[in-house]
Amino acid sequence: MTKRIVLLGYPLRHSISSAFQQAALDFYHLDIRYEAREREPAQLRSAVEELRSPDYLGANITIPHKESALRLVDDADETSMGVGAVNTIVCRSGRLGGCNTDVEGFLQALRLEGGFEPGGKRALLLGAGGAARAVAYALVKSGAASLMVANRTVERATALLAAMEKVAAAGGVRTEMVAVPWEKRERRKLLEGCHLIVNCTSMGMRHSPEEARSPLEEAAIPHDAFVYDLVYNPAETPLLRAAMRAGARTLGGLAMLVHQGARAFELWTGREAPLGVMFAAARRALAERGV
Ligand code: NAP
C-alpha cells in the first residue's frame, strides 16, 4: 500500500518541498507519496489527527502552523521544545513525534555549504519570528559568543532572547544576548565586529511587498562578515547582492531548506538523504517557478 507524507501549511503555492522530497523518495524507488495540503489554522488539529492512520509516515509543518503543532504532537523532542515549534512529525504506531529540523538544517548549511563554524563567534540576527527562533537556538547550542537580535518590533526580540537565556542556562552555555530596535542610524555601530549576520525577516522575498528591499545597505556590511539570508526565492536576494558588493562571504536560504528537508527525510525513511538529488530538484522547481 502506498504510504503518505504530507506538508501542512497555508498558503502553499510557492512551496518547493514536494518537488525535492518526492525526488528523494523516487531515488530509492519507495512507494511513498509526498503531498502538499493547504490547511487553514482551524483545520490543523484534524489534519494532524489524521496522521495517526497507518497510511502516514509523517508530515512537514510550515507557516503558519509550526508553533501550534507543538501542542498537537504526543512526544516533542528537546529541539522542538527549545525552539517552541515543530516542523516535522514522525508517525510510529499511531503516535506522533514532533521534531524541529530547521535547527540542524540551518547549521548543516552554514557548516557544509558555507564553511563557517559559529562556535565562539559574534552573530546578529535580523528578525525575531519563527525562523529566527530556530536560528537563535542553533547558535546558542553551538556556543556562539554573542547573539544580537534586531527586530522592527523589539518586544518580540526581547521575548525570543528570554527563551534562549533559559536554553543557555539549561545547557551551561555562556552566550551574551541583547535585543535591539531596528533603526537605521544604529546599524553601522551594531554591525561592527559581527562575524555572522543572518537575515530571518521576509524582506527580499519574491512575491512579498518588500521584494526589492535589502534589510541592510552595502555600506553597513563589514567586508569580513559572513552574510546568510534565509530567503531562498530569489536565489540572489537584494541583501546577498549588497553583501557581495561589500566583499562579504554569502549563503542563500536554499541550502537550509534542503538540509532541513534532508534530515526530515532521514527521520521518516531511515535512509541517507540523497542531497545531490534534492538540491537538483529544488533548483529545477525554483527555475520552473520563474526565478
Ligand atoms: P515570521 O514569523 O512571519 O517573521 C517575520 C519576521 O520578519 C519578523 O521578525 C518581522 O518583524 C520581520 N519583518 C517582516 N517584514 C519586515 C519589514 N518590512 N521590515 C522589517 N522587518 C520585517 O516569518 P518566519 O517564519 O520567521 O520566516 C522569515 C523568513 O525566513 C521568510 O522569508 C521565510 O521564507 C524564511 N525561511 C526560510 C527557511 C529556509 O529553510 N531557508 C526556513 C524558514 C523560514 P516584526 O516582528 O516586527 O513583524
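How many nonpolar, polar and charged residues does the shell around the ligand have? I found 11 nonpolar, eight polar and three charged residues there, with Ala, Val, Leu, Ile, Met, Phe, Trp, Tyr, Cys and Pro counted as nonpolar, Asp, Glu, Lys and Arg as charged, and the others, Gly among them, as polar.

A note on the model: it is predicted, local features need pLDDT of at least 70, side-chain atom pairs count only at pLDDT 80 or more, and totals for chains, interfaces and linings use all residues. Residues are numbered from 1 along each chain as its sequence is written, and side-chain values use heavy atoms, with hydrogens and water left out.

Ligand. I looked up the 22 residues that surround it (a heavy atom within 4 Å); the closest are Ala128, Ala131, Asn151, Thr153 and Arg156. Helix H6 (130-141) and H10 each supply at least two residues of this shell (helices are DSSP runs of H or I, at least four residues, numbered from the N terminus).

Next I checked polar contacts (N or O pairs within 3.5 Å). Ligand oxygen atoms lie 2.5 Å from a polar side-chain atom of Thr153, 2.8 Å from a polar backbone atom of Ala131, and 2.9 Å from a side-chain N or O atom of Arg152. The protein buries 82% of the 920 Å² that the ligand exposes when taken alone (Shrake-Rupley, 1.4 Å probe).

Domains. Which domains give residues to the lining of the second largest pocket? I noted both domain 1 (3-100 + 261-288) and domain 2 (103-252), so this pocket lies between them; the bounds come from an automatic or database domain assignment.

Terms used
Polar contact = N/O pair within 3.5 Å; in protein donor to acceptor, adjacent residues only side chain to side chain.
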